[in-house]
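Here is a short tour of the empty spaces, charged contacts and backbone details of a model you can turn around as you read. Have the viewer ready, and let us begin inside the protein.

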Amino acid sequence: MQIVLLDAATICSDINLSLLQKEGELTTYQTTKTKETIERIRNADIIITNKVIIGKNEMDNAPNLKLICVAATGTNNIDIEEAKKRNIVVANVKGYSTEAVAQHTISLILALQNSLIEFAHESKSGNWSKSPIFTMLNHPFYELKGKKLGIIGYGIIGKRVAEIAKVFRMEILIGKRKGVTYNDIERVDFDTLVKESDIITVHTPLSESTRNLFGKEEFKQMKSSAVIINNARGGIINELELYDALKNKKIRAAAIDVTEKEPIPDDHPLLSLDNIIITPHIAWTSVESRKKLLVEIIYNIQMFKEGKGNEIMVY
């Protein structure tokens, strides 16, 4: 089988692909631009893609295509309905980055609560060396104990974040999304979570119902001392309204690992602010996560070759 990996640089530039090569004739591209996709997949039986878009036009020009392996959990770069019409199996990978994303979430929370970046700068800039006392107290340092952590999106990652936060003796609020019915009794109304949380962390998929879930009205309801974390998807938080909320001190701070357009444009207004931490969509990228991702992609290919595509397809 002809296997084409379209954007290897996004998943395994430092990971050995030898096991994948055993599954077929592998052609690897580090990155693929939109105009290059059709030519590269023309003879493919299997496509592996992280973020390269595979839509109707691409499928029209890949007559041998039988399996699309998404090297991620989200499949919004694939035209699922079109694949279904053509009996092309689409398989994703779930759960491979739970520990990494949860760890990065807690890291960002601690960085904001401890003013970690600011204090590190005080040392390297020479300001600590000039201090008249042995310490510096010019940035806030808040304990997590007793703080309310509001979690939007209580899947496997949200649950793991809650587990870790409980070690710090935080109070956990699990949010209900507007318009969604839940059977459990643990959850609080979305508006209650927004108003009461000291820290809000987002772990919900991007969909029409979650796009701009946080905007002007939500920032107005949040405590002025609150912070918000987004390691889920860009677009869930309205970035221009987040900029306004941060610039005008409506909320204390934010930390985001995702933006609506990635990479973030170099003239994006959020880059001009001091009260936000922005990391380049790396929450999922631990070495362990990417090794697990590759193992699961190989598993999906093997399952398909054994005639078990119905057990791995996302639709």
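The lining of the largest cavity is made up, by class, of four nonpolar residues, one polar and one charged. In this predicted model, the residues in question are Asn230, Ile237, Glu239, Leu242, Ile256 and Val258. The volume of this largest cavity is about 30 Å³, and the structure holds one cavity of 30 Å³ or more. If you want to picture how such spaces are found, rolling a probe the size of a water molecule over the atoms shows where empty space is left.

From the cavity we can turn to a pocket. The second largest pocket has a volume of about 360 Å³. Its lining counts 16 residues, and those nearest the centre are Glu118, Ala253, Asp274, Asn275 and Ile276. Which elements each supply at least two residues of this lining? They are helix H5 (98-113), helix H6 (116-124) and strand S12 (276-278). The largest share comes from H6, with three residues. By class, the lining of the second largest pocket splits into nine nonpolar, three polar and four charged residues.

Next come the charged contacts. The whole structure has 19 salt bridges, and the table lists some of them.

| Salt bridge | Closest N to O distance |
|---|---|
| Asp60 and Arg86 | 2.3 Å |
| Glu82 and Lys85 | 3.8 Å |
| Glu306 and Lys308 | 3.6 Å |

Let us take the pair Asp60 and Arg86, whose closest N and O atoms are 2.3 Å apart. This salt bridge links distant parts of the chain, 26 residues apart: Asp60 sits in helix H3 (residues 56-60), while Arg86 sits in the loop between helix H4 (80-85) and strand S5 (89-91). Asp60 has a relative accessibility of 40% and therefore counts as partly exposed. Arg86 is also partly exposed, because its relative accessible area is 29%.

The pair Glu82 and Lys85 has another arrangement. Both residues belong to helix H4, and they are three residues apart, about one turn of the helix. Are these two partners buried or exposed? Glu82 is buried, because its relative accessible area is 9%, under the 20% limit for that class. Lys85 has 66% relative accessibility, so it counts as exposed, being over the 50% limit.

These two salt bridges also belong together in a wider arrangement: Lys56, Asp60, Glu82, Lys85 and Arg86 are linked in a network of salt bridges.

In the remaining pair of the table, Glu306 is exposed, with a relative accessible area of 52%, whereas Lys308 is partly exposed at 32%.

Helix H4 has one further residue worth a look, Lys84. Its relative accessible area is 36%, so Lys84 is partly exposed. How far apart are Lys84 and Met313 in sequence and in space? They are separated by 229 residues along the chain, yet their C-alpha atoms are 9.8 Å apart.

On the surface, Ile133, Phe134 and Leu137 make a nonpolar patch of about 410 Å². One of these, Ile133, is located in the loop between H6 and strand S6 (148-152). With 45% relative accessibility, Ile133 counts as partly exposed, and this fits its place in the patch because patch residues need over 30% relative accessible area.

Finally, some backbone details are worth checking in your viewer. The peptide bond that joins Glu262 and Pro263 is cis, with omega about 0 degrees. Pro263 belongs to the loop between strand S11 (253-256) and S12.

Which phi values do Arg169 and Asn212 have? Arg169 is not a glycine, yet its phi is positive, about 65 degrees. This residue, Arg169, lies in the loop between helix H7 (156-167) and strand S7 (171-175), and at 57% relative accessibility Arg169 counts as exposed. Asn212, not a glycine either, has a positive phi of about 55 degrees. Asn212 is placed in the loop between strand S9 (199-202) and helix H9 (216-221), where Asn212 counts as partly exposed at 39% relative accessibility.

Notes. Residues numbered from 1 in each chain as written. Predicted model: local features only at pLDDT ≥ 70, side-chain atom pairs only at ≥ 80, totals over all residues. Heavy atoms only, no water. 1 Å grid on protein atoms, 1.4 Å probe; cavity = no way out; pocket = protein on both sides within 12 Å on 5 of 7 lines; lining within 4 Å. Points joined across faces, edges and corners; volume = space filled by probe spheres on them. Helix = DSSP H or I, 4+ residues; strand = E, 2+ residues; numbered from the N terminus. Nonpolar A, V, L, I, M, F, W, Y, C, P; charged D, E, K, R; others polar. Patch = residues over 30% accessible without salt bridge, like charges linked within 9 Å, V, L, I, M, F, W, Y side chains within 5 Å. Areas by Shrake-Rupley, 256 points an atom, 1.4 Å probe, with all protein chains shown as cover. Salt bridge = Lys/Arg side-chain N within 4 Å of Asp/Glu carboxyl O. Buried < 20%, exposed > 50% of the residue type's maximum accessible area, 1.4 Å probe, protein only.
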